[in-house]
Amino acid sequence: AADELLSDKTDHNVKQLLGQSATIPEGPSVLQLGGNDAAQLYNCSKIYHEYSQKDNHKCEYTALNLNCGCPSPSVSGKKCFGAALMKDPKHVAKLVRAMDDGVEGKIPCTVKCRIGVNDSTPFSRKTYDRISEKKEYEQLRSFVDAIASDGIVTNFQIHARIAVLGGLSPADNRKVPPLKYEYVYRLADQYPELNFVLNGGINSLSQVKEELDGNTSLAGVMVGRALCADPWSFSMADEMIYGDATVDEIHQQHLCTNRRELLEAYGRHVDYEESRNDPAEIRRSLVAACAHLFAGEPNAKRFRRELDEIAARPERLQREAKAKVWSNISSGGKGSSTLASAFSTSSTLAGGGWDDMQTSDSPAAVASVGWDAIQAIDDNTKWDENEPPLSELILEAAHRNFGDKVLSSCRKESYDKKVWEEEQARMRIARGDPILFAVERSSGEKDSKVSGGVVDGWFKNGLS
């Protein structure tokens, strides 16, 4: 039973992996699983289902998803899941049945896949272009038929490229195989009872709108890396794609009009999380979420560097505190008697353990004395509660690097700027002009890393 699987340690790990914000509604969200063992996927789904029923946990995913699209060698290689699963559609159907059983049919199960896989020959565009598109599409149709046959899966998210298993890196697998959107369009037309979501090569909100307006049979468009790289450029999605009327009252209350409001709201979330968990363990993941919020703005690189320092601070302070404690112990200085008293209550250190610790020259040797001793060191080097809250550190870094004008610019202004940049780039390409990319500049720096996609016209108009 899932209850037996959820030991105290496992429950803590599940909470960190699956827990959602207790301060801000997250809205529709999907939990993706990876694997090729039906029993394990059943257990994972069951653990989630049982965990989501607990009153003291915030865990409300709207669907489960099986990953049948990842081409990474560590996934699709010897572990044989991800995109490798596309070679065995009947087994995939078995896996999603196990997932559906795990959640007792309470939430939908969906599949994320490619349009096919290539693992028989070394990949080259020349040889790939000779493959019959009719045959390739029929193989994709057969995969969809097999998965959808028992009515469990009705929603497919399809990255419109093949996955090359061997010979291409994961990064090249996102660029080298050509996009074939027409396959997804045809599926959506031929299977009106199913939902198909287009994925791959969509880099802006205007592209999303263009695809949806031009192909009404599509159920949606999925954007991944482009959204992570520049999240603020997608902040008008509700208005541009769904219309204002679809934003429910609860989410309307939390809708931020600018990036200052967004950071303030996110700050409440990160402070809540750090109050419940060790900052040294979770801060990096909390900070990473806002690292690209100012993508394309001057000083964005410097802001990311400051965030890196903020993220590393709890670990650094903890290391320094532990080193000081160890130094005091070895020298018999301040704190050693307190720690000795604490250790004396440890059954692990009974019978000379403290003496062994005092005479040891190496913390590694001391570690062999027992976990209780190491835990006692940790208890004496806890996070300093007088440290500024993470929300304050992030907001101060944003103010230092961008100022009120950028922080106060509304979502519509940022969207209009992005559309203008895209239009200028298209005009230059149509004219055959060379495109000069904008360079992020921080005060005191001559130049820095190129920020892709912004044409030099932005600078020529004096808007840098």
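## L198 and its surroundings

Leaving aside neighbours within four places in sequence, L198 is in contact with I158, A160, Y181, V184, Y185, E211, L218, G220, V221 and M222. The model you are looking at is a predicted one, and L198 is a handy place to start reading it. This leucine is found in strand β5. Is L198 buried or exposed? Its relative accessible area is 0%, so L198 counts as buried.

Q157 offers a second way to place this leucine. In sequence, L198 and Q157 are 41 residues apart, yet from C-alpha to C-alpha the separation is 6.2 Å.

## Strand β4 and its partners

Let us move on to the strand that pairs with β5. Five bridges join β4 to β5, which covers residues 195-199, and the two strands run parallel. If you would like a specific pair to find on screen, F156 stands opposite F196 in β5.

Strand β4 also pairs with β3, residues 109-118, again in the parallel sense, and here there are seven bridges. A useful marker for this pairing is V117, which stands opposite A163 in β4. How many of the residues of β4 are buried? The strand spans residues 155-164 and is mostly covered, with ten of its ten residues buried.

## Strands β1 and β2

Another pairing involves β1 and β2. Strand β1, residues 30-33, is joined by four bridges to β2, residues 63-68, and the two run parallel. Here L33 stands opposite L66 in β2.

The side chains of β1 alternate along the strand. L31 and L33 point to one face and are buried, while V30 and Q32 point to the other face and are not buried. So L33 can be viewed in two ways: as a residue opposite L66 in β2, and as part of the buried face of β1.

## The second largest pocket

If pockets are your interest, the second largest one holds about 440 Å³ of space. Its lining is made up of 21 residues, and those that lie nearest its centre are G116, V117, N118, E136 and Q139. V117 has appeared already, as the residue opposite A163 in β4.

Which element supplies the largest share of this lining? That is α7, with six residues. Helix α7 spans 133-148, and together with β3 and α6 (125-129) it belongs to the elements that each supply at least two lining residues. By residue class, the lining of the second largest pocket divides into ten nonpolar, seven polar and four charged residues.

## Y42 in helix α3

Helix α3 covers residues 38-52, and Y42 has its place there. With a relative accessible area of 32%, Y42 is partly exposed, because that value falls between the 20% limit for buried and the 50% limit for exposed.

Y42 also meets residues from another part of the chain. Setting aside neighbours within four places in sequence, the contacts of Y42 are A98, D101 and G102. For A98, the distance along the chain is 56 residues, while the C-alpha atoms of Y42 and A98 are separated by 4.9 Å.

## Two positive phi angles

Two residues are worth a look in a backbone plot. E104 is not a glycine, but has a positive phi of about 55°. This glutamate lies in the loop between α5 (89-102) and β3. E104 counts as partly exposed, at 43% relative accessibility.

N299 likewise has a positive phi, near 80°, in a residue other than glycine. Its loop runs between α15 (279-288) and α16 (300-331). Is N299 buried or exposed? At 13% relative accessibility, N299 counts as buried, because the limit is under 20%.

## Cysteines

A disulfide is a covalent bond between the sulfur atoms of two cysteines. How many disulfides are there in this model? With sulfur atoms required to lie within 2.5 Å, the count comes to zero disulfides. Among the cysteines, C70 is partly exposed, with a relative accessible area of 22%, whereas C290 counts as buried at 5% relative accessibility.

## The whole protein

Stepping back, the secondary structure comes to 23 helices and eight strands. Of the 464 residues, 43% count as buried. Among contacts in the protein with a separation of 6 or more, 72% are between residues 24 or more positions apart.

Definitions and conventions: Residues are numbered from 1 along each chain as its sequence is written. This is a predicted model: local features need pLDDT of at least 70, side-chain atom pairs count only at pLDDT 80 or more; totals for chains, interfaces and linings use all residues. Side-chain values use heavy atoms; hydrogens and water are left out. Buried means under 20% relative accessible area, exposed over 50%, partly exposed in between (1.4 Å probe, protein chains only). Two strands pair if DSSP finds at least two bridges between them. On a 1 Å grid over the protein atoms alone, a cavity is a set of points where a 1.4 Å probe fits but cannot get out, and a pocket is an open set with protein on both sides within 12 Å along at least five of seven lines; lining residues have an atom within 4 Å of a point. Grid points are joined across faces, edges and corners, and a volume is the space filled by probe spheres set on the points. Ala, Val, Leu, Ile, Met, Phe, Trp, Tyr, Cys and Pro count as nonpolar, Asp, Glu, Lys and Arg as charged, and the others, Gly among them, as polar. Contact means heavy atoms within 4.5 Å.
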